[in-house]
Amino acid sequence: MLFLIQVDAQIRYSIPEEMRKGSLIGNVAQDLGLDIKRLRSGRARIVTGENVQYAELKTDKGTLVVNERIDREQLCGDVTPCSFTFEILLENPMELHPVTIEVLDVNDNAPTFQSKQLDFEISESATIGSRFNLEAASDADVGINGLQDYTLSQNDNFILKQHVNSHGHKHSVMVLQSALDREKHPRLNLKLVAVDGGSPQRSGTVNINIDVLDANDNAPVFNQSIYKASVTENSPKGTHVVTVNASDIDTGVNGQVTYSISYLKASIEDLFKINEVSGAIFVAKAIDFEKDKKVEIRVEAKDQGGLTDTCEVEIEIIDLNDNVPVVNVMSFTSSVSEDAPVGTTIGIINVKDLDSGENGQVRCVVDASAPFELKSNVRNYYALVTNAPLDRESLSEFNITVIASDSGKPPLSVTKAFNLKVSDVNDNPPVFTRAKYSATIMENNSPGYSVLSVVAKDPDENQNARVSYIVEECAIGGSPVSGYISVNSENGVISAARSFDYEQTKEFVCVIKAQDGGSPPLSSNVTVKILVQDQNDNPPQVLYPVQTGGSLVAEMVPRSADVGYLVTKVVAVDVDSGQNAWLSYKLQKAADRALFEVGSQNGEIRTIRQVTDKDAVKQRLTVIVEDNGQPSRSATVIVNVAVADSFPEVLSEFTDFTHDKEYNDNLTFYLVLALAVVSFLFITCVVVIISVKIYRWRQSRILYHSNLPVIPYYPPRYSDTLGTGTLPHVYNYDTCRTTDSRKSDIKYMQPMSQSLLDIGANESEAQQIEKQFAGSNMSTLQKPPQNDWRFTQGQRPGPSGATGGPEVAMGTGPWPQPPTEAEQLQALMAAANAVNEATATLGPGTMGLSTRYSPQFTLQHVPDYRQNVYIPGSTATLTSNPQQQQATAQQATQQALPPPQVSAQPEPPKAAQTPASKKKSTKKEKK
């Protein structure tokens, strides 16, 4: 922030004194042409060097209000006009607006007299026109509200005259207008009233007591009407100021004059004292130039006869350099950024000195050791600004000393200390402790092994000094460097990310970046070189002779070979390095050790003697190749040597080598294939069996827990004979059982292989079917139903004795009336007895029901006859009258059987499926 002060025109307000706190003085924002937002952003505030701040600035409204009660008399005394000045300070940019507030007087003080009463001793011989000065009243108010007039109570001897001195102060004189007569009035009591001009008018009164004395006809007379003198402030008590002199031409006691002081203002009372005899005036207490620059007093000379005369003494106070300059901090920033430009304002101070003249001229300087200076564009205001760049790393804080001294003799000075902290800016990148890092690591290390640590330091502080370590992306052998190493971002420890192989990577170079946490972050790089040390982790590899499994390679040695004949050379390499790759050769096994030897350094196999005819043709040599590592590793190679002069001879000797590996591959393949097929079939069978078991179990649970009502299902080819029977001519039913029927024993017939007998079929077809029945392997034959199952209409549930017409007899008419409870109970008992009789006439096979049909019409649809009255699928009820049953059955048979037809029996209409039967048939279709 650059220091800039703009001073606009001064604004002035006038307010009466004694206004309440918070009273509006004026709209500063409107008068100065400022926006309220500007007042807030500029942190507008009132700057004053006084201890009491009478005004307060409301930045939210831009108004100026009364902060403390203002007493004009206390603030200015009798000085008019009375005003006080302060400044309104704004920042960013800095502006200074002087404001003057004039305090108008209010008539809040009445005239007062210092004395409670005035005593006079006047000789009766006092000549007419004698003047007697009365004590002046003081009124703290000024102007029209100040002292305006004196009045004297009514009397015959004295009148009152008023006078105004050169300074405008009024005083009254009592003038004798008629001679006193002590014998008539030895004592007079008068009243002097002082009034002001305010509204309402205020007054003060003092009693005047006059004692009439004997004659003293000459009054004292001062040789000067006005005395002028000067005295320096802070003069010690008893310092002589001036001497006044009054003379009385009377002699004797009447010529003795005494002096006394009367003060015109209460504020200077007792500052001086006078010698009553000599008239010398002395300092009575400490005098302060800053309070009273000039003092006026009145000296009265009175003789023994009571005659008086007065004079005025004007004493000028001379200023001394007795006040130290005062430094007021208007604004100060306790912290400044180190990148602040030169000329940045740190603070604003105001300097005052209560002395006057040269004693009040103040000069401010800053300690030269700090990179700061003071600039002043407005009187008594200084801006503390930087005059050099700041560096926190060099010096993080400053103790700034401002010295303010005046021009007095001797000069007085004061110091003000400021502590300024320099806040950090991320202006320093991290610096590594080394210019380059290198480390070695043994190959076959474990991942996570710590290789080395890199350290970088940042001279900044806090977050700007927090260093993080990052591996710069690069490629090592075509692979990212992150696959080789990792670095701990906090402590810079570099760890191996993989197990190194010296044979693949002998060394690599990476770049580590150290980055601080500043904004924006700064960084620096360092090169890290990592060397991989070799371990003896690779055995020697034999390059020659080549070991093959399918063919035999042999070296031929002629029988005429001399000593030292080079048979072959074993060539081996070791991918390790150093002494781990130093190879040595030795012969481990040989058919004839006395014939061959191997060079320990070069691997050459040579003869060590002359080949003879006794030497075998086939020679098998085992050579060990061993490195020099710790521990050492080795490889073995078999060298076949043929001692012969011709190839056929060699071939005949080496044909007995068997090679029995070819068949292994095919055998393994077929074994694996067979094992996979068998495993798959086994798992499939197990899954299918479990699925079937679960499905059957769920079906049985559904039937067992079913709460569906029993609804009869009429299978195909069903017909009700004359409406009185329930069994068709073919005795095949779909049976449905109740949930408890599985606990009873039921016998089922084997399913029939032929079609059901058509109701309209001829007799020849019926005989054919009967023969088939006779020839079947059923354990029992289905018997035809008895007539017990057919009932007349009168035997069906209904009112006792109720009969119907032909429709009722045929089973096609409606029910006459619902049965009563008694009739239902009677029918229930009759049905139970009838069931017992009817069941005895049925043949084996559980009521003559066949299992040909699905469980849609199982015993579930046959109700418990002890609880139900009606037969499923019929409107008939059971009866125990055999004769009636037989007659009804014959009649129904005659009516139900149609005449035989030659054509094929048409498909009869299917009975309407109930919701339960639909559901079960759907399940059946799914299965």
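**Exercise 1. Find out how confident the predictor is along the chain.**

Start with the whole chain. In this predicted model the mean pLDDT is 76, and 72% of residues reach 70 or more. Next, look for weak stretches. Residues 708-736 have pLDDT below 50, yet this stretch has 120 contacts in the model beyond near neighbours in sequence. Residues 838-927 also fall below 50, with 190 such contacts.

**Exercise 2. Work out the layout of the sheet that holds S26, S32, S31 and S28.**

Take the order. The four strands run S26-S32-S31-S28 in an open sheet with mixed pairing. Now the edges. Strand S26 (335-337) and strand S28 (362-366) each pair on one side only. Then the twist. Neighbouring strands are turned by 30° against each other on average, direction ignored. Finally, zoom in on one pair. S31 (residues 397-406) and S32 (residues 413-423) are antiparallel over nine bridges. Thr-401 faces Ala-417 in S32.

**Exercise 3. Locate the disulfide and give its handedness.**

Count. The structure holds one disulfide. Identify the partners. Cys-76 is joined to Cys-82, S to S 1.8 Å. Check the torsion. About the S-S bond of Cys-76 and Cys-82 it is about 70°, so the disulfide is right-handed. Check burial, with the cut-off at under 20% relative accessible area. Cys-76 is at 16%, so this residue counts as buried. Cys-82 is buried too, at 2%.

**Exercise 4. Explain why Cys-510 forms no bond with Cys-474.**

Find the closest cysteine sulfur to that of Cys-510. That sulfur is in Cys-474, 6.5 Å away. A disulfide needs sulfur atoms within 2.5 Å. The distance is therefore too far for a bond. Add the surroundings: Cys-510 is buried, with a relative accessible area of 1%. For Cys-685 the value is 46%, which means partly exposed.

Key: Residues are numbered from 1 along each chain as its sequence is written. This is a predicted model: local features need pLDDT of at least 70, side-chain atom pairs count only at pLDDT 80 or more; totals for chains, interfaces and linings use all residues. Side-chain values use heavy atoms; hydrogens and water are left out. pLDDT is the predictor's confidence in each residue, from 0 to 100. Contact means heavy atoms within 4.5 Å. Two strands pair if DSSP finds at least two bridges between them. Helices (H or I, at least four residues) and strands (E, at least two) are DSSP runs, numbered from the N terminus. Axes are lines fitted to C-alpha atoms, for helices over the stretch in contact, and angles run from 0 to 180 degrees between N-to-C directions. Buried means under 20% relative accessible area, exposed over 50%, partly exposed in between (1.4 Å probe, protein chains only).
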